[in-house]
Amino acid sequence: MDKFGYMEQYGYEQLSMFHDKHTGLKAITCIHNTVLGPALGGTRVWNYTNEEDAIEDVLRLARGMTYKSALAGLELGGGKSVIIGDVSVIRKDPVRREAFWRAFGRYIAGLNGRYITAEDVNTSTQDMVYVNLETDNVVGLPGRSGDPSPYTARGAFKSLKACCKFIYGDDSVKGKTVAVQGTGNTGYYLCKYLHEEGANLVVCDISQERIDRVVNEFGAKVVAPDDIYAVDCDIYAPCALGATANSDTIPQMKCKIICGTANNVLKDPAVHAKMLEDKGITYAPDYLVNAGGVINVFYELQPGGYDEAAALRDIDRIYYRMLDVLNIAKETGKYTYETADKMAEDRIEAMKNIKSIMTCGGRK
Ligand code: NAD
């Protein structure tokens with residue numbers, strides 16, 4: 001990969017690698033854009049087969065965070081970290097685990113506030129507590145905004161209701177059938193919201209324990225993982241993996257709406273947005289749907305400290321933002337993902353322009 005070429009093409013600011021030989025830490029942080037504020041994005045631990053895969057992943061994820069925070073109206077830029085390693089090995093030895101995460105914290109401290117980290121795949125709040133011993137540039141800590149998953153699910157539920165309003169003229173999910181792929185941290189809470197409002201749930205997961213939870217608590221019906229796409233439903237809610245709307249799955253789909261917490265749902269946006277449109281399926285842009293978690297952690301950074309009521313009010317605004325995107329896409333004849341991208345890019349550009357005005361010691 002031509003890294004500088006890629007960074008130039010997509011407007012990246014920084015790509016940093018950090019190694020600590022004592023703990024074996026191999027971390028890569030990417031700062032995509034800081035026009036709106038410090039780059040915020042979680043840290044993912046993954047056993048990447050090679051460094052190139054890790055770098056591609058961190059670049060893609062960091063840019064996604066720029067768009068997510070910009071569209072959510074936050075004063076945050078986009079960044080992400082990946083750590084190359086096996087999480088079970090890191091967690092096995094308590095002393096090594098503490099040293100590992102504190103070494104990572106010292107590296108983040110060295111970025112001097114340009115990047116703020118949080119949990120992501122294979123990282124826990126306890127890991128972030130260790131990071132916090134070395135730097136304040138970490139959010140999602142226990143006793144503050146905590147686990148983002150319920151907030152992400154709440155934003156997804158509001159998005160799903162906005163889609164129902166747009167398609168059916170009524171935002172209630174009562175009596176609607178929702179096929180939920182993945183009943184993990186976010187999928188579980190989304191099922192809870194849907195069940196409470198009277199939706200019928202059809203679910204799949206590769207973990208029997210996670211399936212049992214939603215069957216017992218919400219009376220969900222279960223299908224095999226590969227059968228979820230063909231379920232006769234109103235809404236398909238991907239809450240597990242990326243790229244699940246693709247050339248194999250779209251022909252099987254019977255839903256009217258795709259709206260779930262997963263990132264990068266369209267395998268190839270240019271190709272698969274068209275396939276969905278041809279089938280009359282409305283696609284709710286993923287980073288608009290799943291912004292509840294980042295909105296919630298943003299409130300941890302406010303001078304007065306974390307205020308859950310304010311965070312929830314802001315998360316609930318996703319409903320209106322989703323309706324705007326769907327209506328503008330319809331009026332302009334653009335795909336919903338293109339409309340969301342443009343709204344995010346327009347906000348970044350407008351804020352970049354106002355920052356050219358000298359404030360003589362104003363706030364920033
Ligand atoms: P999670 O790991 O808790 O849950 C994912 C679930 O999917 C697990 O139960 C897993 O067993 C299941 N799964 C894996 N492969 C599957 C398959 N082939 N078929 C069916 N189920 C399968 O993760 P999560 O935190 O709920 O995140 C889900 C998605 O949402 C991810 O794409 C994540 O990037 C995205 N997301 C999460 C948050 C958050 O706040 N947690 C925020 C934004 C985006």
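Here is a quick rundown of one arginine and the ligand site in this structure. Bear in mind that the model is predicted. Two spots get the attention: arginine 44, which sits in strand β4, and the ligand, which has 20 residues around it.

**Arginine 44**

- You'll find arginine 44 in strand β4, which spans residues 43-46.
- Its relative accessible area comes out at 15%, and since the cut-off for buried is under 20%, arginine 44 counts as buried.
- The side chain of arginine 44 pairs up with the side chain of aspartate 120 in a polar contact at 2.7 Å.
- Leaving aside residues up to four places away in sequence, arginine 44 touches Asp57, Leu61, Ser81, Val82, Ile83, Asp120 and Val121.

**Who surrounds the ligand**

- Of the 20 residues in the shell, the closest are Thr152, Asn185, Thr186, Asp205 and Arg210.
- Sorted by class, the shell has 9 polar, 8 nonpolar and 3 charged residues.
- Helices α6 (149-168) and α7 (185-196) each chip in with at least two residues of that shell.

**Polar atoms by the ligand's oxygens**

- Threonine 152 places a side-chain N or O atom 2.7 Å from an oxygen atom of the ligand.
- Asparagine 185 uses its backbone instead: an N or O atom there lies 2.8 Å from a ligand oxygen.
- For asparagine 263, a polar side-chain atom is 3.0 Å from an oxygen atom of the ligand.
- On its own the ligand has 830 Å² of accessible area, and the protein covers 77% of that.

Technical notes
Residues are numbered from 1 along each chain as its sequence is written. This is a predicted model: local features need pLDDT of at least 70, side-chain atom pairs count only at pLDDT 80 or more; totals for chains, interfaces and linings use all residues. Side-chain values use heavy atoms; hydrogens and water are left out. Helices (H or I, at least four residues) and strands (E, at least two) are DSSP runs, numbered from the N terminus. Buried means under 20% relative accessible area, exposed over 50%, partly exposed in between (1.4 Å probe, protein chains only). A polar contact is a pair of N or O atoms within 3.5 Å; within protein, one must be able to donate a hydrogen and the other to accept it, and residues adjacent in sequence count only if both atoms are side-chain atoms. Contact means heavy atoms within 4.5 Å. A residue is near a molecule or strand if one of its heavy atoms lies within 4 Å of it. Accessible areas come from the Shrake-Rupley method with a 1.4 Å probe; for residues, only the protein chains shown count as cover. Ala, Val, Leu, Ile, Met, Phe, Trp, Tyr, Cys and Pro count as nonpolar, Asp, Glu, Lys and Arg as charged, and the others, Gly among them, as polar.
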